[in-house]
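Colleague: Could you walk me slowly through the inside of this protein, one step at a time?

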Amino acid sequence: MTIAEASRKYGISADTLRYYERVGIIPRVPRTKSGIRDYDEASCGWIELTKCLRSAGVQIEALIQYSALFQRGEETVGERKALLEEQRRQLLERREDIQRSLDRLTKKIESYDQLLLEKERQIRAAGGDV
């Protein structure tokens with residue numbers, strides 16, 4: 001699969017794919033005899049993993065570290081797991097922050113709903129039409 005095809009398939013720009021390869025998030029992509037990137041199943045798996053983790057908010061630095069650990073082999077399994085667990089912990093913390101923000105926003109909206117109901121009561125009491 002060419003870089004243009006991979007870009008379309010995964011909704012990631014070709015520049016971003018090149019960047020991911022350059023910084024080591026995606027291991028070196030195989031090339032054709034003429035030097036054109038030829039994304040294979042393994043390369044596509046890395047794109048899918050990267051896209052998933054990025055959409056979850058995992059930082060580029062953590063992805064670079066994960067990929068480097070993976071390429072060093074099985075002796076890094078524990079480190080990779082720890083890295084992913086830390087990323088999960090950070091995501092859960094962000095989720096809690098977002099939930100607190102949502103709860104506060106909901107209360108604020110409800111206070112406006114109450115304010116509007118009170119205004120309607122006042123208008124009705126004054127003989128007006130709502």
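The questions and answers below concern the interior of this model, which is a predicted one.

Colleague: How many cavities of 30 Å³ or more are there?

Modeller: A cavity here is a set of grid points where a 1.4 Å probe fits but cannot get out. In the largest cavity, the space comes to about 30 Å³. Counting cavities of 30 Å³ or more, the result is 1.

Colleague: Which helix gives the largest share of the lining of the largest cavity?

Modeller: The residues that line the largest cavity are Ile25, Trp46, Leu49, Thr50, Leu53, Leu63, Tyr66 and Ser67. Two helices, H3 (41-55) and H4 (60-72), each supply at least two residues of this lining. The largest share is 4 residues, and the helix that gives it is H3.

Colleague: How many residues of that lining are nonpolar, how many polar and how many charged?

Modeller: Among the lining residues are Ile25, Leu63 and Ser67. For sorting them, Ile and Leu count as nonpolar, whereas Asp, Glu, Lys and Arg count as charged. The lining of the largest cavity then divides into 6 nonpolar, 2 polar and no charged residues.

Colleague: Is Thr50, one of the lining residues, buried or exposed?

Modeller: Thr50 has its place in helix H3, and, leaving aside neighbours within four places in sequence, it is in contact with Tyr20, Ile25, Ile26 and Leu63. A residue is called buried when its relative accessible area is under 20%. Because the relative accessible area of Thr50 is 2%, the word for Thr50 is buried.

Colleague: Which element gives the largest share of the largest nonpolar core?

Modeller: The largest nonpolar core has 21 residues, and Leu17, Ile25, Ile26, Tyr39 and Ile47 are those with the most contacts inside it. Two or more residues of this core come from each of helix H1 (3-10), helix H2 (14-23), H3 and H4. The largest share, 5 residues, comes from H4.

Colleague: What covers the buried residues of H4?

Modeller: The buried residues of H4 are Ile60, Ala62, Leu63, Tyr66, Ser67 and Leu69. Among these, Ile60, Leu63 and Ser67 are also touched by Ile25. The cover over the buried residues of H4 includes H2, H3 and helix H5 (77-125).

Colleague: How far apart are the end C-alpha atoms of H4?

Modeller: H4 has 13 residues, and at 1.5 Å a residue they should span 18 Å. The expected span uses one less than the number of residues. The distance in the model agrees with that expectation, because the end C-alpha atoms of H4 are apart by 19 Å.

Technical notes
Residues numbered from 1 in each chain as written. Predicted model: local features only at pLDDT ≥ 70, side-chain atom pairs only at ≥ 80, totals over all residues. Heavy atoms only, no water. 1 Å grid on protein atoms, 1.4 Å probe; cavity = no way out; pocket = protein on both sides within 12 Å on 5 of 7 lines; lining within 4 Å. Points joined across faces, edges and corners; volume = space filled by probe spheres on them. Core = buried A, V, L, I, M, F, W, Y, C linked by side-chain atoms within 4.5 Å. Buried < 20%, exposed > 50% of the residue type's maximum accessible area, 1.4 Å probe, protein only. Contact = heavy atoms within 4.5 Å.
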